[in-house]
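User: Please take a close look at one part of this model, the cysteines, and then carry on to the buried positions and helix packing around them. A connected account is preferred to a list.

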Amino acid sequence: MRVPRALRPFALGQYRLLTVALAFSLFSAGCWIVASVWQVVELGGTPVDLSIVATGAAVGLVLAVLFGGVAADRVPQRRILLGVEAVRGVAFGTAALLALGGTIEVWHLAVLAFVLGVADGFFYPAYSAWLPAILPADQLQAANGVEGVLRPTLMNAAGPAAASLLIAIGSPGLAFAVIAVAQVGAVLVLLAMRTTPLRGERVDDDVHPLKRTFLDLRDGFGFLMRTTWLLASLLFAVFMVLVIMGPIEVLLPFAVRDQTGGGAGQFALVLAAFGIGGAIGSLWVGSLRMPRRYLTLLMLGFGFGCLPLAIIGFTDALWVMVVALFVCGLLFQGAQVLWGTLLQRRVPPHMLGRVSSLDFFVSLALMPVSMAIAGPVGEAIGLAPTFLVAGLVPPVIAVLTIWIARLGRDELAHPLEDAPLSTGPIDTVTGGSAAAGFDRPVDEPHPDDRDG
């Protein structure tokens with residue numbers, strides 16, 4: 001029987017284990033979102049207090065992600081993920097002890113959020129760089145679709161729902177304790193996996209490791225600056241994140257509470273709507289071949305996926321918020337599947353960790369600013385104008401980016417939809433023709449090319 005495209009990666013045992021570990025991790029992250037928010041609320045916190053906690057996570061991510069990318073290209077990715085999941089477990093356990101002991105304060109949550117942000121900064125580059133070492137190129141889009149299903153389903157639906165239930169029957173501290181246990185599951189699964197060899201170039205010089213780290217960062221930035229489609233896409237992401245992340249992370253809980261009279265359960269329902277929409281969008285896109293107009297479609301998906309946010313501040317109906325976030329998730333996560341596959345297909349394997357980290361660093365560089373100003377801006381001008389800007393600005397920037405950077409011309413010159421399909425197990429993983437060295441790995445000539 002012909003296996004559906006979306007399920008083909010599950011033929012490999014290592015991928016199945018990685019998916020289980022990812023599921024534990026995403027479930028914990030989803031629980032933390034709701035539990036930490038409602039811990040702040042129970043402490044009598046304001047949007048400014050929640051901004052402090054959210055900013056801690058954002059700062060930790062931005063500070064760590066570049067070094068996480070270098071590590072992902074130089075250290076076996078399995079070891080990095082093991083360390084990350086262990087640190088996350090300790091952080092969740094600490095939150096549980098403080099909350100259940102009645103001594104937790106907002107600054108505790110901010111510090112723990114910072115630690116979790118640092119852990120995320122190492123997790124994402126390592127995961128992105130490891131996946132093409134486990135799967136062949138034609139299965140990467142399907143695997144990114146699976147991740148796109150798991151991430152919103154567990155992080156935005158199951159995790160928040162479980163946290164709201166635990167808060168209802170106990171307290172945020174109970175939720176912290178449960179997710180600390182879930183992290184043990186993630187560590188055990190990763191221990192059962194094999195360490196794969198690093199792909200790409202090897203560095204055997206006598207350069208000091210600290211200097212080598214900054215040389216690797218320089219090479220990553222150089223690749224970014226001379227690769228037009230990558231630079232344009234990340235500049236768009238910078239402005240998109242600035243206008244949407246603060247309102248979503250900081251102001252949405254208060255919009256649910258103040259406009260609909262809802263509590264933790266209603267907030268979890270809104271997040272679940274985003275998760276369900278994202279799961280459907282990811283599964284749909286992951287089941288398709290890479291489209292011919294992949295750059296145009298992913299940019300429009302990100303941009304117009306933000307448009308429903310414009311109505312959040314103008315409605316007091318919970319169902320309207322649910323529908324709006326469902327549409328956001330559908331378009332946003334579908335575009336994210338294309339973006340992840342694009343990086344894995346068009347970036348050289350020895351640079352993938354650094355480019356993945358630069359993806360997070362550049363696109364999220366203003367996330368701490370967005371988190372920090374969201375609370376004060378929301379209190380100064382109101383929720384409705386803030387969400388209106390969050391919904392209307394990204395579509396305009398997306399269209400301008402496609403036009404100014406000539407992304408349509410680039411995608412036509414570099415098609416990705418014609419990769420052959422793998423039907424059975426593999427012994428040697430190339431990660432695509434570019435990763436194998438058969439085709440040029442970038443979209444334009446580089447000044448330092450040696451092939452004439």
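Analyst: In this predicted model, the sulfur of Cys306 has its closest cysteine sulfur in Cys328, at 6.6 Å. A disulfide requires the two sulfur atoms to lie within 2.5 Å, so the separation of Cys306 and Cys328 is too far for a bond. By this rule the number of disulfides is zero. Cys306 is also buried, because its relative accessibility is 2% and the limit for that class is under 20%. Cys31 falls in the buried class as well, with a relative accessibility of 0%.

Two further buried positions can be described through their surroundings. Ala64 belongs to helix H2, which spans residues 47-74. Its relative accessible area is 5%, so Ala64 counts as buried. Beyond the neighbours within four places in sequence, Ala64 is in contact with Val118, Gly121 and Phe122. The C-alpha atom of Ala64 is also separated by 8.8 Å from that of Phe361, although these two residues are 297 residues apart along the chain.

Ser370 sits in helix H13, residues 367-381. With a relative accessible area of 1%, Ser370 is buried too. The side chain of Ser370 has polar partners in the backbone: one of its polar atoms lies 2.8 Å from the backbone oxygen of Leu242, and the side chain reaches the backbone nitrogen of Gly246 at 2.7 Å. Both Leu242 and Gly246 appear among the contacts of Ser370 outside its neighbours within four places in sequence, together with Val241, Met245 and Pro247.

Val241 leads on to a helix pair, since this residue of H8 is also part of the contact between H8 and H12. Helix H8 covers residues 228-260 and helix H12 covers residues 352-363. Their axes come within 8 Å and cross at roughly 40 degrees. On the H8 side, the contact is made by Leu230, Leu234, Ala237, Val238 and Val241. On the H12 side, the residues are Val355, Leu358, Asp359, Val362 and Ser363. By class, the residues of this contact comprise eight nonpolar, one polar and one charged. Under the residue classes used, Asp counts as charged, so the charged member is Asp359 of H12. Ser is not listed as nonpolar or charged and therefore counts as polar, which makes Ser363 of H12 the polar member.

Conventions:
Residues are numbered from 1 along each chain as its sequence is written. This is a predicted model: local features need pLDDT of at least 70, side-chain atom pairs count only at pLDDT 80 or more; totals for chains, interfaces and linings use all residues. Side-chain values use heavy atoms; hydrogens and water are left out. Buried means under 20% relative accessible area, exposed over 50%, partly exposed in between (1.4 Å probe, protein chains only). Helices (H or I, at least four residues) and strands (E, at least two) are DSSP runs, numbered from the N terminus. Contact means heavy atoms within 4.5 Å. A polar contact is a pair of N or O atoms within 3.5 Å; within protein, one must be able to donate a hydrogen and the other to accept it, and residues adjacent in sequence count only if both atoms are side-chain atoms. Axes are lines fitted to C-alpha atoms, for helices over the stretch in contact, and angles run from 0 to 180 degrees between N-to-C directions.
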